[in-house]
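Got the model open on your screen? Let's walk through it together, one question at a time.

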Protein chains: 6
Amino acid sequence: MDLKKRDRFVHVVGQLCCPGSFGPVVSLHARSAAMPSRDDLTAIMELIRAVIFPGYYMEPDINAANISFYTGAKLDKVLSALKEQIKRGLCFECVNRGNKDCTGCDSIAEEKAYSFIEALPEIRRMLSLDVEAAFEGDPAAVDVGETIFCYPGVRMMTSYRVAHALYNIGVPLIPRIITEMAHSETGIDIHPRARIGERFFMDHGTGIVIGGTCVIGNNVKVYQGVTLGAKSFHKDEEGNLVKGVPRHPIVEDDVVIYSNATILGRVTIGKGAVIGGNTWIIEDVPAGSRILNR
Amino acid sequence: MDLKKRDRFVHVVGQLCCPGSFGPVVSLHARSAAMPSRDDLTAIMELIRAVIFPGYYMEPDINAANISFYTGAKLDKVLSALKEQIKRGLCFECVNRGNKDCTGCDSIAEEKAYSFIEALPEIRRMLSLDVEAAFEGDPAAVDVGETIFCYPGVRMMTSYRVAHALYNIGVPLIPRIITEMAHSETGIDIHPRARIGERFFMDHGTGIVIGGTCVIGNNVKVYQGVTLGAKSFHKDEEGNLVKGVPRHPIVEDDVVIYSNATILGRVTIGKGAVIGGNTWIIEDVPAGSRILNR
Amino acid sequence: MDLKKRDRFVHVVGQLCCPGSFGPVVSLHARSAAMPSRDDLTAIMELIRAVIFPGYYMEPDINAANISFYTGAKLDKVLSALKEQIKRGLCFECVNRGNKDCTGCDSIAEEKAYSFIEALPEIRRMLSLDVEAAFEGDPAAVDVGETIFCYPGVRMMTSYRVAHALYNIGVPLIPRIITEMAHSETGIDIHPRARIGERFFMDHGTGIVIGGTCVIGNNVKVYQGVTLGAKSFHKDEEGNLVKGVPRHPIVEDDVVIYSNATILGRVTIGKGAVIGGNTWIIEDVPAGSRILNR
Amino acid sequence: MDLKKRDRFVHVVGQLCCPGSFGPVVSLHARSAAMPSRDDLTAIMELIRAVIFPGYYMEPDINAANISFYTGAKLDKVLSALKEQIKRGLCFECVNRGNKDCTGCDSIAEEKAYSFIEALPEIRRMLSLDVEAAFEGDPAAVDVGETIFCYPGVRMMTSYRVAHALYNIGVPLIPRIITEMAHSETGIDIHPRARIGERFFMDHGTGIVIGGTCVIGNNVKVYQGVTLGAKSFHKDEEGNLVKGVPRHPIVEDDVVIYSNATILGRVTIGKGAVIGGNTWIIEDVPAGSRILNR
Amino acid sequence: MDLKKRDRFVHVVGQLCCPGSFGPVVSLHARSAAMPSRDDLTAIMELIRAVIFPGYYMEPDINAANISFYTGAKLDKVLSALKEQIKRGLCFECVNRGNKDCTGCDSIAEEKAYSFIEALPEIRRMLSLDVEAAFEGDPAAVDVGETIFCYPGVRMMTSYRVAHALYNIGVPLIPRIITEMAHSETGIDIHPRARIGERFFMDHGTGIVIGGTCVIGNNVKVYQGVTLGAKSFHKDEEGNLVKGVPRHPIVEDDVVIYSNATILGRVTIGKGAVIGGNTWIIEDVPAGSRILNR
Amino acid sequence: MDLKKRDRFVHVVGQLCCPGSFGPVVSLHARSAAMPSRDDLTAIMELIRAVIFPGYYMEPDINAANISFYTGAKLDKVLSALKEQIKRGLCFECVNRGNKDCTGCDSIAEEKAYSFIEALPEIRRMLSLDVEAAFEGDPAAVDVGETIFCYPGVRMMTSYRVAHALYNIGVPLIPRIITEMAHSETGIDIHPRARIGERFFMDHGTGIVIGGTCVIGNNVKVYQGVTLGAKSFHKDEEGNLVKGVPRHPIVEDDVVIYSNATILGRVTIGKGAVIGGNTWIIEDVPAGSRILNR
């Protein structure tokens, strides 16, 4: 390395470390606690999948004699690993709010981790129904096990139902990371805040978007490329977006939405309606109606 | 950990291990053999890619003197690793059919693994033509090597052609896992049962769905977001889906289908037809015709 | 293994190693240098992300005292690892052009690696503005850090802006690999040659395609499933595609393009235009106009 | 690679694959089953250490509520992983004896694995006493935990007591691999067949050798470099070694043997004797006597 | 797995989890904090080796322009990783002393970690002299770099000098773990409490034992198998060992001790003495004398 | 981190990067090429072991049909990986000799790597005889395979014979690293320059030292703790050690040397002599004689 190159190198390091270079959004000082770890959250999701679907994701030869040992050991690992991630999520929020002392985050995180594992039996009940819906809803499904082990829709629902439970418990950041990890894997983007009923089935999945204020009933089917999105964004008097206002669709029970349909705004798709592919819906759809493209 | 927390923990373990909690679809007893391994299948696909495209995925310095050593060693690993995965797929099916004794699975799996490697020269021939089509079909392609090494469409076709060969040999579950792994990587969802001719090119790819009973001719081009799906599902007298009926399109030679077009049902897109972007097709399209959006 | 199986195995190895079997596109002789490594490029992107967003992707407890040590050490690793990958890209091109002697590639690669790190301060400035746009543009965004750490659009822009800088420096192959790795993660396909201005925001992202000759202004928003593609391909007199001709849209400042819109050809979307979801645009759109689906 | 080098390479491969080149001892045909795996045995030993010393080698926060989950899960892994290794040991022996059909090895291995885990409570009892002896015998030991966690003598005894239990159950090859792995770590070479009583303490350890037919009583201390070896080897009429004859010392209770002492042959070191450092003993030593170097 | 085996398994788990089974030394309740991590300490030692010998263990191409970046980044990692290990060592001691509240351990650990890195320049000075002594003392040494990179004696001295510095700072347990890790690698057992002067050289090394109260001068050479040990142990009135009393040799400057010599007790080996191989020394040796075996 | 700590940290980094602090032996400028990699050499030794003892260290199911594929592929990896390590060894020597331009090292390294693999058939022949000697020489050996797979003496001889071949070819540094890696594993320290005949057997092994100018005949047995070392070192007129002079024993055919014997200087142990344990030999021993300790 000749001298001129050394100078160029040192100059760039200087530029990148100059406090002024971080701009308004990438503050150097913003983060003193460790950020949540994607690798650890991936491992936590694998443990949760094993606990929920032991016949598919646990060690082979699980039986009535040893299942409680494996379930207990894995759940204990979920508890301690998730507590750490929840705490990082809490500290992240603390720091952003300018709260320098997050001493309390540790014990709050532990309590939230306990609350989460207590939600697991209900999460399993819901996922079992989602699996059933997938098997019954797809003529290509050979076998219920295939839907559990291979279907991206079931994989996404596992992540969503876990993330939604964490969201309900008041855990910041972590639910969004979990759904985005699954978004990357499946191409399905569900906001963890959305509410989704029993027996939800997404086929193929790529490109589905479900916004954060959606409310979806029971027994709903959605195909690839469907958007349940916002139509317009409320702004306050200063022109800033008003955050958190309901702005995504309500989808009632037994609705089917075919591929690439786009439904925008706080509209209601009535019970039993069928929305055809490639349609564009920005108004309420009465129960039982059938909307076709052209 | 105070006592109350211990009690909460033990209670949750008990709930999750209670046989009644597994529901109708997530039977504890269903699985006594190991499930197929995604990690092992990923490694197998890498070995196969190296054998098929040695200039790109094998060690550097491959030459006429050493290529047979590398090809032989990698193929021998494919043989034994794939035999194990095929066996797991067979046992999975056995168990689901209530067949408790799957002694025969071992030797059946070995024979199927041999049949598969014998299909590799033909798989390479087909993939070479797919690569050629990709290079000729994309004005942005600088070089044929770029399409082999970078294009998600070529990556997906490698997985699909391998999975389809396994499907033809009668291997259960594994073909679907292979295409779903590639679906996750590329956003392209091709059912391993679909039949696809020579020189097939998919550009960009994200969101493409090709159903299990599709029949696609030679020299066909498909762009991102295209669905070749089913229009309606046959149900039997008891209201259950009839599985396995042809319900996806037939696409004849030389057809081009532009982005986000949706073609549903057992319709035939005639030789040389051009289907415009964002179109919605649920009827036959005559050979040579040109269908535009609006 | 009985003798017949051995014979079958040796026969397949022979077929796969037969020079004639490689076809016109998969030449055995094409590659004598190592191909670029996806694993190494992934590690390089992680180092770059840490250098650009130290508060999010560097070790915790980064402060004014130690940031220059970490930045310097990571940047030095980027320099040597990227030099190696650039060199492989250069050698790949050399070989393809029949240039057997690529002695010069080593020092050219080093110079290009230096030029790249000198572009990093500007890349950070641009990304800071993209992050700001993401936070301001999404009512669901709780916090600017969430958009940096979780949003696929920001992740894709990091890869694109790095790849685009490498493209501008004249590095072959590597930029495309980087954008395709991010395409696989995010479902967003941006060609590294495309030119994109400040404050670019993509929400949800899955299915977005931005072609290589696109020119996009400042302050543009694009939603999931949008295609900025080519309408037709120029062919020369022999029927071969003419490569490199401008064939993708120009999008001026302050444009918003809603989900699944398709804009094809060298058309211009005028400043401040709003393109509705599911629209199909193949002609110029005047500044300030509002195009709706039907 | 020029042609001559290719020729040299192919020639060497040919030489190394020529059946005649394997010589009398390295038969190609000898091994058709997989050999035992050092990595797997290392993992098994770690699991066993965790089960035996949970406070030191298990996850932190082990308590009365979760210890049975962790113990059960780890023990179940020991069971299945050890069964596989035992089976490989059995098959290895089968093949060596010319027994081509080792169908029975699988169920024999399972039974032996069960017998082994049933020996664990007794192994823990013995090791607890060894730990106690280490703490009481070394003036440098600050704390009983330090001896468990740091002392090579305790580490070696854990491996020896596990290997000896496997030897007693009739497992071939595996016990020797386990003691040799610990030999490599600690420099202490104890044959798994040797019999060693309660409260055995080795300080420093490097260079200690304890032969296969040794019998050692309770409460014995041995320092670095001590050999308890054979003096001469019985040969049969054809001049071959007679294997398995008792040829190593008997060491009675309460004996202390200082560093680098060498005791050879089937001699008896009587109860309470003290053997000084660097001594050379080839005859019986009466109880209570004190043997010094010169 | 038949029922009887399940019963056997559950029975063993029960035995191993029964509080009574832990015995007096292996208390379940003893440990609630995490134990120190050998893997992390191994990584810390690698970082330290790189900082001390940058030309050998740092990345290649270290130069005056980038060395401070690498040194700073590695040292910062040492600081945080070592702080965590020191804290675990402190908590381990706290728990053993029945001190349930170890709130203070965190800040004490941080201060000790700072003190340790401040000792590094002196540690490097001492090791440079040890390296010089090794090169000058071994006729087989081709080159000073060979002694740094290959010699077990230099490797051991690096670990010892680091461990001794930590011992001097009052860090419990960790120094012993570090020397035992090096003992396992090199066969050399030096207690971290021992005091060793400048230019210390051990050739071959296997079997060397240097006790905790040894005091060794400058310019001393020691060969394989040498013991500097204790002759007898003081017991108190109740028959327990008195710990911490000086009981190992004092070795003055310029002494050479040849292989397998044993020197026991608080004797003094006078300046410049030469102790022959295989000797047995339990009394003072006058300065300048030459002791031979027989 | 408060300011004072930051200052302390930056101060230490400054001290450690100060050129003056590197001392005479740890020059910063000494190394601009990468050092040899222990991990890569470990992998190379594993490949070599597999090629030499295919029945033990290659994949299972090696047979006449596939052995040449595996042998060829592994040998090709040895060739390229070893070439790189040899080159690093050559560059290391170049730099030490002040030779700044080591352009030639690359092609010299390739030639030496070829010469090495051509030595492998002879290395295998020698190792087969060593294995035979181990089985015949140890009454505890159950089986020839056990000696190949478990015995540290055989493991050491594999490393030694490989290192010695590299030494003979004129490769610097690498042979020493290989024997030191094996020294760490086995406690046996053989200098790669030593010459050792056929059928060499070391039992137990820990503590054996064999110096660089030793010459050992055929059919020799050596036990743990034996030193074949130097008695005195020649110094030149300036008091510096004269390097490379023969100063270690010559051991003729059929000699047996029992545990902890020490033989020093250029003495000759005559054919068939038996050297007892713990003996101290500094003079020639006539052929056929029997030397006992006392």
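What follows is a short chat about this predicted model.

Visitor: Which residues have the most contacts inside the largest nonpolar core?

Guide: That core holds 541 residues. The ones with the most contacts inside it come from chains A to F, and they are A:I275, B:I275, C:I275, D:I275, E:I275 and F:I275.

Visitor: Take B:I275, then. Leaving aside neighbours within four places in sequence, which residues is B:I275 in contact with?

Guide: Contact here means C-beta atoms within 7 Å. By that cut-off, the partners of B:I275 are B:I257, B:Y258, B:A261, B:I263, B:I269, B:I281, B:V285 and B:I291.

Visitor: Which element gives the most to the side of chain A that touches chain B?

Guide: Here 45 residues of chain A are in contact with 44 residues of chain B. On the chain A side, the elements giving two or more residues include α4 (67–96), α5 (105–137) and α8 (174–186). By type, that side divides into 19 nonpolar, 18 polar and 8 charged residues. With 10 residues, the top contributor is α5(A).

Visitor: And inside chain A, how many residues does α5(A) give to the side of domain 1 that touches domain 2?

Guide: The domain assignment splits chain A into domain 1 (34–187) and domain 2 (194–234 + 243–294), with C-alpha centres 25 Å apart. Their contact takes 14 residues from domain 1 of chain A and 10 residues from domain 2 of chain A. On the domain 1 side, α5 and α7 (152–169) of chain A each supply at least two residues. The most comes from α5(A), with 7 residues.

Methods
Residues are numbered from 1 along each chain as its sequence is written. Chains are lettered from A and ligands numbered from 1 in the order in which they are written. This is a predicted model: local features need pLDDT of at least 70, side-chain atom pairs count only at pLDDT 80 or more; totals for chains, interfaces and linings use all residues. A nonpolar core is a set of buried Ala, Val, Leu, Ile, Met, Phe, Trp, Tyr and Cys residues joined through C-beta atoms within 7 Å. A residue is buried if 20 or more other C-beta atoms lie within 10 Å of its own, exposed if 12 or fewer, and partly exposed in between; C-beta atoms are placed from the backbone. Two residues are in contact if their C-beta atoms, placed from the backbone, lie within 7 Å. Helices (H or I, at least four residues) and strands (E, at least two) are DSSP runs, numbered from the N terminus. Ala, Val, Leu, Ile, Met, Phe, Trp, Tyr, Cys and Pro count as nonpolar, Asp, Glu, Lys and Arg as charged, and the others, Gly among them, as polar. Domain bounds come from an automatic or database domain assignment.
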